[in-house]
Each structure stands twice: as C-alpha cells, then as structure tokens.
Amino acid sequence: MGNSQSHSPPAHPRFASASRAFAQKELEDLRSLFFSLAAQSQPNGRHVSLPVFQVPLSLSPSFSLSRTNDWWGALAQAYFRVRGPLGERLFDLITQKRKDGKLNFEDLVIAKATYEKGTRDEIEEFIYQLLDVGDDGDVTRSDLESVMITVFDSVFSPKRVQTAGSPKQEDLHIFLDSANFSETVQGHGDRRMSLEDLRRWFALVPSVRKFLGSLLVPADSGRPGSQVPRLSCWNNVDSGEIILNEEYAWHIGGVLSEGELEHWKLLYHSSLSGLSFSTFLGSINNSEGPTILIIKDREGHIYGGYASQPWERHSEFYGDMKSFLFQLYPHASIYRPTGANRNVQWCAVNFTSEDIPNGIGFGGRANHFGLFISASFDQGQTFACTTFGSPCLSTASRILPEVIECWGVVQKKQLEKQDAVKGTILERFKEDRHMLNMVGLANSSE
C-alpha cells in the first residue's frame, strides 16, 4: 500500500477536509476496500475501473491479501454493483467528471464525505446531479425512467428486470407519475425537474430516496432501500387475487425500520374471508404488531393506511404519529403525519351516536376522514385532511371498496413470542376475550 501511495498525484484540495468527516478506523477500512477493488481493476492496483465499479470481477487466483484484508477482498467483489446509466453517472460524479476511467482513493473519500456525511441539502444536491444521467443539466422524465429501471433491477429479482411491454412496467410508472417537472427545458418541449420538485418527490416516495441515498454502501450488507418484506399468503390462494405485490410493499416500507421489513403476513382478504367487519376484526386480533390496510375501489384506485397501533374499540381518535396514509395506484405516494393534530386512527364498533360513525379510518375528523371504511364494509370516504397533508385518495370522496386486504407486520421477536405460546388454551381464551371486547359484548357474558 505504501508503494502505491508514493506514485499518487498531489492531494486534491478537498481531500484533507473530506478526510476529517471520517474516524481513523473508517479511513483505514475504506483504504483497504479501495485497494481490494483496485487490485481487480489493474495489476498495480492504483485505481478502480468502471467495469469493476459496476460489476466487480472475481479476484484472480494469484492475487493474495493479508489475512486482515481477505475479508475486504471478498466484500470488494460485490461492493458497489450499480449497473446501467445510473452506475456510469455515479462513477462520473465520483471521479469529478475527469472522463479518464480511473477512480482513485481521494475521489472515493471526497464523494463519500459529501454523499454520506454531508448535510441533507448536500446529499440531495448530489442525488439531483446523479439523476441527470444524460449530463445535459436537465433532469427529465426520461432520465428518471432510466434511473428507476436500474433501481428495480437492483432491488427485485433479475427475472423481473423491466422491459418494454413487461406487465411490471406499470409498477415502475406509478413512481414516475408521482413526480413533478415544473420547469421548461429551453429549446424543446420537454419539462425538467427542479431541486424542489425532487425534494417533494422524495417525500412521496421515500423508498426511492432511501435507495438513491445509499449507493456507496455495500450492496450485499443490507443496503438501505433494498429490503423487500417477505409476503406470506394463505395456502391455495391465487396470487392474482392479492393486491399487495413486492413493488407496493417496497414503496410502503420506505418509511419503516429495518425490523419492520422482515415479514408481512396476510390477515384478512375480503374476497376470501367475506366482506364483513366482524370477520375483519376476528382475523386481525391475533396480530400484536402494526397492520397495513389496503383498499382497491371500484374506480380501480388502490390506497390505504399503515396502523402502528392495534385496531381496538374507541369512541374517539387514538394512535401515534408513526401511522401514515399511502397511495399505490395509479401513482405512488406516502403521506406522513404533519403534526397539525393527533387524529390518527379510528376504530368504532357498536356505537349508536351519529357523531361516532362505526368503522375504521385514519385522519381528518369524524364523518370527514382522510380514509374511512364503514362497519358495513361496502362504502367509505376519503377527504383531503390536515392530519397527513393528504389529498382525496380516489377520484371522489365517496368510495365503494371492491377489495379490502389487511397485512400484519411481523418482527423476529414477535415470531419467537408466538412460537412460545402457540396453541395454548390461555392464549386462545385471551384472543376470544379480545374479540368480545372489540364488538362490545365482553360484559354480556358476565
């Protein structure tokens, strides 16, 4: 390593300040990683080439590292792994547009200091440049589409790479259709995205922001924005009947913690379980964790809400600020609490007052919800609401559900707990009592 350093050009003016963003151990690890990658690029290991940056080569059998660096050598084989125009653009920005095809150690430190250690504005300005894959100064829809194809290729199975005419092309466009291009491109009719447009888009599609903000993190070490929950359905269920797919789950999971992205299980499906409020409540009472309510209405729009707290009988709003509303089709959007009020979750059962409508919902106020499904489960409403800063989620405020799904968010500690009590009489009694409380009948048996 010392010999390689002696042949390096003079230090870049930004290198010293960039180095101060890292602890000494971080710099040492980054240097080991760099030389492992550089060794795959050329015999003398002085720089990283674009092919290795995009799709790392296997280490040569004759190449050996110290015992300490063997781990870095293995990691380096699949470190960045950002392909296509997005990978080329990232390489170009890291090498400061020298166009020489050589990424040196100083480049890597400077880029990571800005892209990972910088302020939120610095990081988003870097990503904004990254999206300009054509390097013409304009971030257009075609740039965004090229980027999203690479994102989908990286996040989902290679068998599901987006191609023209692919059924999954529709899922890709739900993300593009939520973006705004407010500025006119001089000289032709295209419109471009401003930096403020980008920030608004990231607020709506945080999964994209999370992925694009972590491209210098190891691809195989749980890169943020790459995790897709494992979706568990019931046996003998036709997948064509299920609304939630991997793309939708990835979108919803954009604001959730890593522990909430392990495993989601289907708890209720109106076409399979019956369009019944009591059946719905009975199906979800086994879930101790958060739930995801998804609705497809007769207009073909798909939307729903993430409930951080269990669905329990209340005469007023309850819950916490972890809940949110979302849209899945025809475009992807997430609406988190604004702090304007705490009218988060609603679950009313067997009330006779018109001021307490029976059903489940999110946000707004009674009889003017951000999203609400009546206890009859055959109608509901969605209004613009200040709780989540959300618009009407469908084409009209009155909605007619066609399909209602509910998924339980299962974490590892919950799985262990469930295994410990599975099948016990006491647990079954507890579940029965919970159901009675939900429908307001617990006291009638006493």
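Helix α6 and its surroundings

Q: How are α6 and α8 oriented to each other?
A: In this predicted model, the axes of helix α6 (residues 84-94) and helix α8 (residues 120-131) cross at roughly 125° and come within 9 Å. Angles from 65 to 115 degrees would count as roughly perpendicular and those over 145 as roughly antiparallel. The crossing angle belongs to neither class, and therefore the two helices are oblique.

Q: What is the handedness of the crossing of α6 and α8?
A: Handedness is a separate description of this pair, whose axes come within 9 Å. The crossing of α6 and α8 is right-handed.

Q: Which residues of α8 make the contact with α6?
A: On the α6 side, the contact is made by L86, R89, L90 and L93. The residues of the contact divide into 5 nonpolar, 1 polar and 1 charged. The α8 side is made up of F126, Q129 and L130.

Q: How many residues of α6 are buried?
A: A residue counts as buried when its relative accessible area is under 20%. L86, G87, R89, L90, F91, D92, L93 and I94 are the buried residues of α6. Helix α6 has 11 residues and is largely enclosed by the rest of the structure, because the number buried is 8.

Q: Which helices do the buried residues of α6 pack against?
A: L86 and L90 are among the buried residues of α6, and both also take part in the contact with α8. The buried residues of α6 pack against α8 and further helices, and the set is α4 (50-54), α7 (105-115), α8, α9 (141-155) and α12 (206-212).

Q: Which residue just after α6 takes a positive phi?
A: Helix α6 covers residues 84-94. Just after the helix, a phi of about 55° is taken by Q96.

Q: Which residues does L212 touch, leaving out those up to four places away in sequence?
A: L212 is one of the residues that touch the most other members of the largest nonpolar core, along with M148, W201, W250 and W264. That core has 83 residues. With residues up to four places away not counted, L212 touches L86, Y115, I127, L130, L131, V147, V151 and F202.

Q: How many residues are in the second, separate core?
A: Nonpolar side chains tend to be buried together in soluble globular proteins. Here the second core includes Y268, Y318, V349 and I399. Its number of residues is 29.

Q: How far apart in space are T184 and D138, C-alpha to C-alpha?
A: T184 is found in strand β1 (residues 183-184). T184 and D138 are 46 residues apart in sequence. In space, C-alpha to C-alpha, their separation is 9.6 Å.

Methods:
Residues numbered from 1 in each chain as written. Predicted model: local features only at pLDDT ≥ 70, side-chain atom pairs only at ≥ 80, totals over all residues. Heavy atoms only, no water. Core = buried A, V, L, I, M, F, W, Y, C linked by side-chain atoms within 4.5 Å. Buried < 20%, exposed > 50% of the residue type's maximum accessible area, 1.4 Å probe, protein only. Contact = heavy atoms within 4.5 Å. Axes fitted to C-alpha atoms, helices over the stretch in contact; angles between N-to-C directions. Helix = DSSP H or I, 4+ residues; strand = E, 2+ residues; numbered from the N terminus. Parallel < 35°, antiparallel > 145°, perpendicular 65-115°, else oblique. Left-handed = near helix turned anticlockwise from the far one by under 90°. Nonpolar A, V, L, I, M, F, W, Y, C, P; charged D, E, K, R; others polar.
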